[in-house]
Amino acid sequence: MRRPSLHGTSTSIRGWSNSNRSEIDLRSEFDTLIYGDATHIPHGHLIVIRNMRRDSDGYPTKCSCFEASNTTEPDPDCSYCLGEGYLWDENWGMAYSMHLNADSGLARKYIHMAPGLERTDYVVFFIRYDSDIKYEDKVVEVRLDEEGELVLPYIREAIYKPHTIKRMRSDYGRVEYIAVFCREDDAWKSDNPQ
Ligand SMILES: [Zn+2]
């Protein structure tokens, strides 16, 4: 019997809440969604996770441009840290992402907000349960062509800071996948190669 699926058919989402729920392995459903399999096309796209480099005590490693500076600012043109002031390592990952627009969907109820409150758009990246991501890390969007292929040499188009990292748990409390919410207005964006 075919298992309920997160994708492909209109009956899919209902599988989450019906009595067969315990039969669904959300980790493997997530992998099928992102990476595809023999019968499903992959819905994920390439991202880069920029992991802060840490010393053995867990502290972020300052870049030499930051260490050497007489001010409290790193060198914005530093070719090692690209102006972050700390060293990092970038790793490829796959994600399914979407925008949470403040003017639509669930957020619509905030349209008639009191003056002074701000509306914030978010982008959320869904990534594999075992992805290495922490709050000081970044999600980097690289330029992909219309077919989803990486454009070389690669261009970092947007760098997002995680605002909320939500480890989505289900079976026995285990992590099934990770949702990384990032504020649009807090992102670095550029059309220029970096
Ligand atoms: Zn630097």
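Trainee: Where is Leu82 found?
Mentor: In the loop between helix H2 (64-68) and S2. Bear in mind that the model is predicted.

Trainee: Why is Leu82 called partly exposed?
Mentor: Count its neighbours. Leu82 has 18 C-beta neighbours inside 10 Å. Buried takes 20 or more, and exposed takes 12 or fewer. The count of 18 lies in between, so Leu82 is partly exposed.

Trainee: What is notable about the phi of Leu82?
Mentor: The phi is positive, about 55°, although Leu82 is not a glycine. Tyr172 is a further case: its phi is near 55°, again positive in a residue other than glycine. Gly36, just after H1, also takes a positive phi, about 75°.

Trainee: Where does Tyr172 lie, and how does it count: buried or exposed?
Mentor: Tyr172 lies in the loop between S6 and S7. It has 5 C-beta neighbours inside 10 Å. The limit for exposed is 12 or fewer, so Tyr172 counts as exposed.

Trainee: What makes the peptide bond from Leu152 to Pro153 stand out?
Mentor: That bond is cis, with omega near -10°. Leu152 is found in the loop between S4 and S5, and so is Pro153.

Trainee: How do you know whether Leu152 is buried or exposed?
Mentor: Leu152 has 8 other C-beta atoms within 10 Å. Exposed needs 12 or fewer, so Leu152 is exposed. Its C-alpha is 9.8 Å from that of Val142, at a sequence separation of 10 residues.

Trainee: Now the sheet. In what order do the eight strands come?
Mentor: The order is S6-S7-S3-S2-S1-S4-S5-S8. The sheet is open, and the pairing is antiparallel.

Trainee: What makes strand S6 (162-169) and strand S8 (188-189) edge strands?
Mentor: Each of them pairs on one side only.

Trainee: How does H1 sit on the sheet?
Mentor: H1 packs on it and touches S2, S3 and S7. The direction of H1 makes about 55° with that of S7.

Trainee: How do you know that S1 and S2 pair?
Mentor: Count the bridges. Eight join S1 to S2, and the two strands run antiparallel. Pairing needs at least two bridges, so S1 and S2 qualify. Within that pair, Arg50 stands opposite Glu90 in S2.

Trainee: What about S1 and S4?
Mentor: Three bridges join S1 to S4, again antiparallel. The threshold is at least two, so this is a pair as well. The bridge partner of Arg50 in S4 is Lys138.

Trainee: And how many bridges link S4 and S5?
Mentor: Four, in the antiparallel sense. One partnership joins Val140 to Ile159 in S5.

Trainee: Why is S4 called largely enclosed by the rest of the structure?
Mentor: Four of its five residues are buried, so the label fits.

Trainee: Which residues of H1 are buried?
Mentor: They are Leu26, Glu29, Phe30, Thr32 and Leu33.

Trainee: Why say that these residues line one face of the helix?
Mentor: Look down the axis of H1. The buried residues fall within an arc of 160°, so they line one face. They pack against S2, S3 and S7.

Trainee: Which residues of the largest nonpolar core touch the most other members?
Mentor: Phe125, Ile127, Val139 and Val180, out of 21 residues in that core. Several elements each supply at least two core residues, including helix H1 (26-35), strand S1 (45-52), strand S2 (88-100) and strand S4 (138-142). The largest share, five residues, comes from S3.

Trainee: What does Phe125 touch?
Mentor: Leaving aside residues up to four places away in sequence, Phe125 touches Ile47, Ala95, Ser97, Val139 and Val180.

Trainee: What does the secondary structure of the protein come to?
Mentor: Two helices and eight strands. From the N terminus, the elements run α-β-α-β-β-β-β-β-β-β.

Trainee: What share of the protein counts as buried?
Mentor: Of the 194 residues, 20%.

Trainee: And what share of the contacts with a separation of 6 or more comes from residues 24 or more positions apart?
Mentor: Those residues account for 56% of such contacts.

Terms used:
Residues numbered from 1 in each chain as written. Predicted model: local features only at pLDDT ≥ 70, side-chain atom pairs only at ≥ 80, totals over all residues. Core = buried A, V, L, I, M, F, W, Y, C linked by C-beta atoms within 7 Å. Contact = placed C-beta atoms within 7 Å. Axes fitted to C-alpha atoms, helices over the stretch in contact; angles between N-to-C directions. Arc of directions from axis to C-beta.
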